[in-house]
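Opening the notebook on this one. I want to look up a helix pair first, then the core, then the chain contacts.

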Amino acid sequence: MFGYWDALYFVYVFGIGLLISYVIYKWAERTSTGTRRTGDGTKIFLSGEDQDRVIPQFEHFRGYVTGRHVMWGLIRGINRMFIAFRREHTGLLSDYVSYLLVTTAIIVGALIVWG
Amino acid sequence: MIPFQFITAFLLMTMGIYALLYKRNLIKLVLALDIIDSGIHLLLISFGYRIEAGQIPTAPIYTGYETVKSAMVAPLPQALTLTSIVIGVCVLSLAMALTINAYRHYGSLDVNKLRRLRG
Amino acid sequence: MMLPYLIIIPLFGAFATPIVGLAGRKAREPWAIFITALTLGVAAELFYTVWKSGEILVYTLGAKSPLGQGVGFPIRIVWEVDLLGALFALMVTFIAFVAVLYSSEYMKHDTGLEKYYTLVLVLEVGMLGIAITGDLFNFYVFLEIMSIASYALVAFRNDTWEGIEAGIKYMFTGSLASSFILLGIVLLYGQYGTLTMAYLAKMIAENPTFTAKVALGLLAGGLLFKSGAVPVHMWLADAHPAAPSSISAMLSGLVIKIGGTYALARLAFSVFGMGVSTKTVGWIIILFACATLIVGNAMAIIQTDMKRLFAFSSVGQIGYILLGIGIGLAAYGSDVGNVALAGAIYHTVNHAIMKALLFLVAGAVIHQLGTKNLNELSGIARKMPVTSFAFLVGAAAIIGLPPLNGFASKWLIYESSALFNPFLAAIAIIGTAFCTAAYIRVLFTFFGRPSERVMNATEPGKAMLVPMLILVLAIIVMGLFPWVISEKVMIPAAKTLENAGAYVTALLGGA
């Protein structure tokens, strides 16, 4: 056909990438004079959140870096679209029926005009 | 000129769709589904009806065909309608069962009260 | 001729289940597994026969020849199986077998299981019938068998409000869509006086009338509803999460494809392909596909209910399949259309496997933890490593990460849509970006720090792990040989679907 793909190439590239990252990791550990073993270097930062930081009165949220905390930038950025989509999904049976009628009417009309 | 059966059939379907859109009682919605089905059955049956040489057609029963000496309606739409009626009964009974269960859970037959799933 | 047994075995098995259930509570599950395994064997044999010979199998019910005595047109019900139908029959039986195997443990705590297995087998009969039928009214009957079984299965757990509410919405709107489909079939019968799909294709090619166009519009509207295209996707997002998880796997993996996109492609190509302007039909489907891609994948991001997220993702993936079918219709006869159609068929099979796996994972989580709220599921990878691995594979495949199977089919669709119209390829890639965002949220939840709720969780039993691992194996094996599968199966299947003339001559002879 037009293009060419081979899944095995991606396996090779993935393996080479793993190897390179392992080498970089080892190199960083050797040159870091031990800061990656103790202290702040061992922490993981997800979405810029320090998982050991305790916020007063929000102790029960401590350290939960879960699905709620990722992709908040995307969700905040196009929040208006999501609000519009959620508003359309009303849960009323008559709305579902009217969407079905409108869809069918559009298809029938388009087919009559250009069919 | 459009035969009057076709007009009646499409009128029935429109009535059913109107009820599905604007009625809120679940039992009326079940009836609306049945009315739409009836309209389609009427349309299907009327396709099989034909008048040959001025004779009124009879039911398609083959045993007495020589003695009756009249045209028969097409048998296929009747078979299809019977099948479709059976399917319609199945849908109706399931809809009634769901309606009973909905009344148990929501304490109401108003379909607009059934909107906890959204968003 | 093994073709009739494809319907006979599951139909017999379905109505024998209550009788077998009298033999004891332990007898039902082995019976259902046995019947589905036997059907899988028949479907595999049928697929091998059709694939080997490359011909279209025609089976007439109750006679040797479909033609009537002394007349030159078919008067009997026929089944007509080409490579596409055989491939989808194999897919249906495989996923149904896996789902039944899974439910032997997943549904152990429920009552009324003989009804459950009866309904599952009836659902399988309906889908297999749609895949092999060559008669329009027969198609409607099988569609209704499938739909009624799925309405009942969505509301199977009638002690929860969720199942009942979703069942009512699915049932009322679904019956209206079925009525539209029946109305379309009735109009075609009234105009042309026949119901055999191949003969109807010939008549429509000779004399495409106004009625045929209206009928196609009604059929397409009803079938787009059944496949869950936007803006008629709302029942899907309500109904699929409410069903038991093994049923969600079948509904999301099979029902929306066999009863929706497959039937739409079959009608658009084989029946109307020679009479109605394929360009118009193709562009209508493409427009709905674009809306489906954006809305379905975007809505998946903001869900907190895991199964609802997967259901919205199903809507988005249906968008890819519809896009492939639409481009296949709009660029009918060219290389681009052929590749797009092959991509759509390939993605149908892939998505059936991936989405079945994801819903089975969701079912395992619900079974072990009793919740599907993503905010409470943080960190289950520590406690359920095999389940999390299965989810990881399924999510990577559905995003389209090489070397898993989702990549090959998505690549075919991107490539052909970019050649057809770059704007469509851009929309498809935006859809994938949203899809990736949604699955990364679930992934972070699974691999995050464990919350109190998951501390006592354990892996599910063998009967739930084995089906998941079968599907993982299928994904990896299919991902390693994408070019072989595409060249040997998917491109020929797309070619048989495009070649509507062969579909007609297989039934009517050299006419």
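**Entry 1, a helix pair in chain C.** I started with α9(C), which passes α12(C) in a right-handed crossing. Note to self: this is a predicted model, so everything below is read off a prediction.

I then looked up the geometry. The axes of α9(C) and α12(C), the latter being residues 306-330 of chain C, come within 8 Å and cross at roughly 135°. Parallel, perpendicular or oblique? Oblique is the word for α9(C) against α12(C), because an angle has to be over 145 degrees to count as roughly antiparallel.

Next I asked which residues make the contact. From α9(C) I wrote down C:L236, C:A237, C:H240 and C:P241. From α12(C) there are C:K307, C:R308, C:A311, C:F312, C:S314 and C:V315. Sorted by class, this contact has 6 nonpolar, 2 polar and 2 charged residues.

**Entry 2, the core.** I moved on to the largest nonpolar core, which has 262 residues. Which of them touch the most other members? I got C:A89, C:V92, C:I95, C:A356, C:L357 and C:I475. Helix α13 of chain C, residues 335-369, gives this core its largest share, at 21 residues.

I picked C:I475 for a closer look. Leaving aside neighbours within four places in sequence, C:I475 is in contact with C:I353, C:M354, C:L357, C:V393, C:A397, C:L404 and C:N405. One of those, C:L357, is also on the list of residues that touch the most other core members.

**Entry 3, chain C against chain A.** Here I found 51 residues of chain C in contact with 36 residues of chain A. On the chain C side, the helices that each supply at least two residues are α6 (161-192), α8 (210-227), α9 (234-242), α11 (278-301), α15 (405-420), α16 (422-447) and α17 (462-480). I noted that α8(C) gives the most, with 9 residues. The chain C side divides into 35 nonpolar, 11 polar and 5 charged residues. My helix from the start, α9(C), is among the contributors here as well.

**Entry 4, chain B against chain C.** How many residues does each chain bring to this contact? I have 24 from chain B and 26 from chain C. On the chain B side, the elements giving two or more residues are α2 (26-48) and α4 (75-106). The largest share of that side is from α4(B), with 12 residues. By class I wrote down 18 nonpolar, 4 polar and 2 charged residues for the chain B side.

Definitions and conventions: Residues numbered from 1 in each chain as written. Chains lettered and ligands numbered in written order. Predicted model: local features only at pLDDT ≥ 70, side-chain atom pairs only at ≥ 80, totals over all residues. Contact = placed C-beta atoms within 7 Å. Helix = DSSP H or I, 4+ residues; strand = E, 2+ residues; numbered from the N terminus. Nonpolar A, V, L, I, M, F, W, Y, C, P; charged D, E, K, R; others polar. Core = buried A, V, L, I, M, F, W, Y, C linked by C-beta atoms within 7 Å. Buried ≥ 20, exposed ≤ 12 C-beta atoms within 10 Å, placed from the backbone. Axes fitted to C-alpha atoms, helices over the stretch in contact; angles between N-to-C directions. Parallel < 35°, antiparallel > 145°, perpendicular 65-115°, else oblique. Left-handed = near helix turned anticlockwise from the far one by under 90°.
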